[in-house]
Structures are given as structure tokens and as C-alpha cells.
Amino acid sequence: MPSMTEAVPLSWVLLLAGALFCIGLFGALSRRNTVGILLGIELMLNAVNINLVAFWRYLEPNVVAGQTFALFVVTVAAAEAAVGLAMIIAIYRSRQTVNADEVDSLRG
Amino acid sequence: MNTFITILFVVFAVYILVAAIMTVTVKNIVHAALWLISSFFTVGALYLLMEAEFIGVAQVLIYVGAVSILILFAIMLTRDLEGTQNRQMTPRWWIALIVPAALFGLLITPTVLTYQWQLPPPAPAGQSTPIAGAAQIGTAFVREYLLPFQVASVLLTVALIGAVVIAFEERERRRYVPTLAEKVRQQQRVRRPDPAASAMQSSETAGSET
């Protein structure tokens, strides 16, 4: 039975997840649109999940802890997306903008 | 067969990275969300390749099915006309580029490439390594991970109620928010006022003044 552990080294998967995380970080830092910032955060959470599943598959394939942790990350990401998007809608209602640079009432 | 898996992984990895780069660079935010959805889908395929079938299905159900719809609805409700024409990046986006590039080039790559992982020995020929599947995950969720499972459900309830409370607007404080089509019509009217509409408008304003 061929499996991915023989065909692809673990470091390739980790590099893919690292690159995905860095792209997401760039998106979260550089976008002006708040929805765009949330898209970058979702990319970063996906990269973390790839890492978790890869470690589970390559290091401890017969223990469920890796997959369970990945599922909890998915749950928290869904909750974060729901609350974050609700906040964006509330901000848009009161200020008529989704631009993160213009929402600066907490700036010192 | 191993070569096939390697090729499949490389194709998935390249597509995930290209879709992610398009997500953070493309100008139209709706296109960015669609690129993100395709990236989610390919990550789900990568989970299937890693034999994590339950997480692969959960990825498609939760991310491709639910989170993406939520994002598209949020974009639809907060669409502003100027947003599509202005630049989407912060003025100092190159600083935002330096930080992740340095993180990847100086920290992640050297660490990953130099560390020796304690990989378990490959299974003897003819046998396959035991892999925890969906049945084991289900058993674990009602035995040793029962408390985290309950906490996660409480978290989802709190997030649901919180999202409703944050986005809720009381009827007395509600004011008229024009739709996108009405905004377009308004802008066109301001840009090139045709005589009939301006005459109607002036009569309207005159009527309201008197």
C-alpha cells in the first residue's frame, strides 16, 4: 500500500505550510480592507492545520490527538470568522467604511 | 505509484500557493474570496492525500461550505463603491512584505531543513502502518476528549449568540442604508445631471422647502 510518507518527505509539507502561513501573514498586514485581513487570517489558520495533520501522519499515525487538535482549530476558526465578520458589518453600519485605516478611534 | 503521489503533492502544493498569493494580491475582494475558496478546497484534497479523510471532509463542509458563504455575505453587505477603485494595499506594504519573507527565509526554512525528525520505522513489507481513522476519532471524542468537545460546543454557542448581538441593530436606531444600485444611480446623477432629473430634483427641493 503506497502512502504519502514514503513519496513525500515531511520537510516538503512543512515548507508548504510555512509558505502558506507567510503569505497569509502578508495578506493580514498589507490589506486595507478588513475583509481582506480576515482572508489572510483564514489562510494562516489553514497553514497551521496542514502542519498539525502532517505531524500526525508522519510521526504518530496511530494516535488520534493530532487529528482531534486539527478539528478543534477548525472549530475555533469558524467561531472567529463568524464574530469577526459580524464586527465588520457593525463597523460598516456605524462608519460606512470597511477600510482599516479609517477605523482609528482607539489610536493614541 | 510513489512518483504519482509525489506529482500529485507538487501539483496541490503549487496550486495552494498560487491561489493564496492571488488571494492576498488581487484587487477585487470578491475575486480574492473565490481564490481563497479554491485554496481551501485544494487543502482538503491534500488532507485526503495524507489519509486524514475525516478532516478532509470537515474542511470541505466547514470552510468551503460555511465560512466561504459567510465571507461572501459579509462582502456583499459591506460593499462600497470607492473600494474597488482605490488601491487595496497599505501605503507601506513593502514593510509588510519584509516581515513574512524574513520569517520564511531566515527562520522556517533553516529550521525545517536542518532538524532531524524522529520518524517511526516504515512498516514491514506486506503490512500497512495502523492509522487512526474516523471511528477512532469518534471514540476519542466521547472518551478522553469529552471535556474539550463540550467546551468547543459552548464556544460555538457563544460565538453564534455573540455574532447575532454584535450585528443586531435595534429598530429605533435603524436608519436608511442605500443599496449598491441606489448608490450607483446617485453618483451618476451627480456626475452628469440630465435636465429632466435635475428639474424634478429642483422642484422636489422647492416643494420640501415650502
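A salt bridge is a side-chain nitrogen of Lys or Arg within 4 Å of a carboxyl oxygen of Asp or Glu. By this rule, one salt bridge spans the interface of chain A and chain B in the predicted model. Its partners are Arg57(A) and Glu51(B). The closest N and O atoms of this pair lie 3.0 Å apart. This separation falls within the 4 Å limit, so the pair counts as a salt bridge.

Polar contacts add to the picture of the interface. Nine residue pairs are in polar contact between chain A and chain B, with both residues at pLDDT 80 or more. On the side of chain A that touches chain B, four helices each give two or more residues. They are H1 (4-7), H2 (10-30), H3 (34-59) and H4 (65-95) of chain A. H4(A) supplies the largest share, 24 residues. By class, this side of chain A holds 52 nonpolar, 15 polar and seven charged residues.

The extent of the interface was computed next. Contacts join 74 residues of chain A to 86 residues of chain B. The two chains bury about 7,300 Å² between them. Carbon and sulfur atoms account for 77% of that area. Within chain A, the residues that lose the most area to chain B are Phe26(A), Arg31(A) and Arg93(A). Together these three give 10% of what the chain A side buries.

Over all chains, the count comes to two salt bridges. Besides the pair across the interface, a salt bridge forms inside chain A, between Arg32(A) and Asp101(A). Here the closest N and O atoms are 3.3 Å apart. The pair links distant parts of the chain. Arg32(A) sits in the loop between H2 and H3 of chain A, whereas Asp101(A) belongs to the segment after H4 of chain A. The two residues are 69 residues apart.

Chain B was then examined by domain. It is divided into domain 1 (1-84) and domain 2 (131-194). Seven residues from domain 1 of chain B and eight residues from domain 2 of chain B make up the contact. The area buried between the two domains is about 620 Å². Carbon and sulfur atoms give 71% of this area. No salt bridges are found between domain 1 and domain 2 of chain B. The count of residue pairs in polar contact, both at pLDDT 80 or more, is likewise zero. The side of domain 1 of chain B that touches domain 2 has two nonpolar residues, five charged residues and no polar ones.

Confidence was assessed for the model and for each chain. The model scores ipTM 0.92 and pTM 0.83. Chain A averages a pLDDT of 89, and 97% of its residues score at least 70. Chain B has a mean pLDDT of 84, with 83% of its residues at 70 or more. Among the elements of chain A, H2(A) has the highest mean pLDDT, 94. H1(A) has the lowest, 80.

Methods
Residues are numbered from 1 along each chain as its sequence is written. Chains are lettered from A and ligands numbered from 1 in the order in which they are written. Side-chain values use heavy atoms; hydrogens and water are left out. Contact means heavy atoms within 4.5 Å. Buried area is the accessible area (1.4 Å probe) that two parts lose on being put together, summed over both. A polar contact is a pair of N or O atoms within 3.5 Å; within protein, one must be able to donate a hydrogen and the other to accept it, and residues adjacent in sequence count only if both atoms are side-chain atoms. Ala, Val, Leu, Ile, Met, Phe, Trp, Tyr, Cys and Pro count as nonpolar, Asp, Glu, Lys and Arg as charged, and the others, Gly among them, as polar. pLDDT is the predictor's confidence in each residue, from 0 to 100. Domain bounds come from an automatic or database domain assignment.
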